[in-house]
Each structure stands twice: as structure tokens, then as C-alpha cells.
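Trainee: Could you take me through one part of this model in close detail? I would like to follow a sheet and the helices around it.

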Amino acid sequence: MTKIQMVDLHTQYQQIKPEIDEAIQKVLDTTTFVKGPQVTEFSGALAAWLPVKHVITTGNGTDALQIALMALGLKKGDEVITPDFTFIATAEVVALLGLTPVVVDVDKDTMNMNVEAVKRAITDKTKAIVPVHLFGQCADMEPLLKIAEEHNLYIVEDACQAIGAEYIFSDGTRKKAGTIGHIGCTSFFPSKNLGCYGDGGAIFTDDDELANRMQAIANHGMTVRYHHDIVGVNSRLDSIQAAVLNVKLRHLDEYTELRQQAAEQYDKALNGNQHLIIPARAPYSTHVFHQYTLQLVDTDRDALRQHLSEAGIPAMVYYPVPLHRQKAYHDARYSDTDFPVSNYLSNCVLSLPMHTCLSNEQINYITDNVIANIE
């Protein structure tokens, strides 16, 4: 059995090496390292795959979130609602722009933003909601869209962990994560379901005006060269990363199926164990399993991680500290008791290896060791 990785990028690269090497070599041969044709090609291919009218590529997923919020014309002190249980970037960009992050608790089953908590958090200063499609599954978007319409709010989706996941509306129609709200954002960090070999990100929208504004913001605020009508940033996807993504996008549906098959094998081995809660599948979303995250019950997480590590099995905690407990985001309006689910999850979640190259032998070995060390 080969060494178990949390994310096995090396094996994945070996499987598509001829395609990747050829794509990168074309960039090297032409030396169009910035704004090369590969970037335009990838933006068009991703827009068609989603589908969405506009894809604006960026330097990373955090930039994508920041540029999206900059495009909305929000004012200092305006409030933006985000989930408490997520990676810090979601609230970070809100604070960097002088806006006020308002964090809300999440659902225990899906670990995504709690709709009722969002309703309670809305004030006359609320201007936007940023749902995070955590671990590969959509937040419950239909009621969030209704809330946004009732209160005239923007919805900016953080789809960095869920590219390819589909939200299923009550009438049966489907939309991919990132194409449901006003703007969607994603990351192409190497470990993501669609990852490049460095940093990268993208913004999605069907709104022509927002697209033009975000395109300008990402390019120093320029619409005409050397004419800066708005304040912008320098955030772009380089040609080599776009070349890699052009190749990997062609494999993304296959990669999603492989992740789903690995999750099913995990489920079969671990479901029904009194010390484990396997990842829930919301009836309104497909799951693309950026992470396979367990909730441990009456189990010493640190001891289990140590046992797994000694057996050569990596396991990670996403996320050990919810946003409301982060020093940089301390807010006197919050009480720790306002976030019972986020507090609970931060103490009990454990993510097992999840990637496109997991073998049946590896998964059996992982699950056998998990079960042996919790009973």
C-alpha cells in the first residue's frame, strides 16, 4: 500500500502528466506568463461548465471575496453576515474593507449557515450575506435568497470548497454552487477540488454591471489603460496556473465521482458506529466532498489523531476555533452561548483523507484504524 496523504497531488499529477506538461510547455514557449491566452481560454471554459455569463479570474480565493464585496459599493460600518464555523478568509475580507462582520451559528447536521440565525442577525445596517458552502455541500440557498429579496440584500457565495456541487430548488431546478446568488467566489488552491499548482481564484456572476466593475477592480481599477476610475487591486491568475486549470477542468466531473465513491466507502464502514456521525447529505444539495468530516461522539479526538498518526494516517481538524473566539474578531455583542453548534463542532470534528487517488485498500486501512481506536 502506498503512503496515505491527506491530499495526494503527486499521484494525481502522474495520472495527467502528459497533458499538464504539454500545457505548461506552451506557456514557456510563448513566454506569455501574464494575461496569456490560457487565462481567456480557462475563463470561457469554466463559464460554460458552470454555466454562468461571466468568470473573472483572480490571484486567489481571498482576493475573489474581497473584490466581490468591493464591487457592491458598501460603506464603512455596513454589516455582512457570515457563518461562525468556517475558514477565516470569509470574515477577514469584510473587516479589511472597514465593514462589520456579523457571525451566525450553523446547522449541526450540514455544518452550514443556519437560516434562522441569519434572520435574527439582520439589522438596518445589514447589506449582504456570505454563505459558505462548507466541505463540499451547498448551504440552504432558497430561503436565503428569499431573505435577501425581502431585505434588499446582496448574496455573495463562498464556493471555495464546493465547486461542482449542485443546489436543488423546491421545484426541482438545479444550479451549481457559486451561480445562485448575486456573485460567487472560488479558490484554486492546490488542495481544492479544482486546484492549480500555486494560488488562484475566480468570481462568477450573471450581472453585466457587476462583472465589468469586478474586472476593473481586479486590474487596478482600470477600464482604459492608465485611466483609474475606481480604487482597485492587482489580482490576476497567471498563465501557467490557467494552463493547469484548463487541463484539470476537463477531469473535474471524473474527480467529483471519485470523491463521492470514496465517501460512500467511508460511509459503509463507519455508519452506525455509536462514536461517529458521518457527513450528512442535505436533501437540497449534492456533495462533492472537499473534506470527509466526521463528528466524534464521546471520543478523545487528540488521542484518536495520535493513534492514526502512528499508523501513518493523517487527519485534520477543520476548524478548531470558531470565528467568534478569534482574538482579531472579538465583538462585545457576542456571547459564547450564542454559538452552541459552532462551539460543539470545533470540539468534535475530524476530517479523514479525501482526494481523487484514494484506493479501496487505503480506505479500508483508514476505517479499520478509526474503528479500532474508538471502541
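Mentor: Happy to; here is the open sheet and what packs on it. This is a predicted model, where local features need pLDDT of at least 70, side-chain atom pairs count only at pLDDT 80 or more, and totals for chains, interfaces and linings use all residues. Residues are numbered from 1 along each chain as its sequence is written, and side-chain values use heavy atoms, with hydrogens and water left out.

Helices (H or I, at least four residues) and strands (E, at least two) are DSSP runs, numbered from the N terminus. Two strands pair if DSSP finds at least two bridges between them. The open sheet has three strands in the order 12-13-14, with antiparallel pairing. Strand 12 (276-277) and strand 14 (349-352) are at the edges with a single partner strand each, so one side of each has no neighbour in the sheet. Strand 13 (residues 292-296) is joined to strand 14 by four bridges, and Gln295 stands opposite Val349 in strand 14.

Now the helices. Contact means heavy atoms within 4.5 Å. Angles run from 0 to 180 degrees between N-to-C directions, using axes fitted as lines to C-alpha atoms, for helices over the stretch in contact. Helix 9 (residues 239-270) packs on the sheet and touches strand 12, strand 13 and strand 14, its direction making about 20° with that of strand 13. Helix 10 (residues 301-310) also packs on the sheet, touching strand 13 and strand 14, at about 15° to the direction of strand 14.

Finally, helix 11 (residues 340-348) has buried residues (under 20% relative accessible area, 1.4 Å probe, protein chains only). They are Val341, Ser342, Asn343, Leu345, Ser346 and Cys348, and they pack against strand 13, helix 10 and strand 14.

Terms used
Buried means under 20% relative accessible area, exposed over 50%, partly exposed in between (1.4 Å probe, protein chains only).
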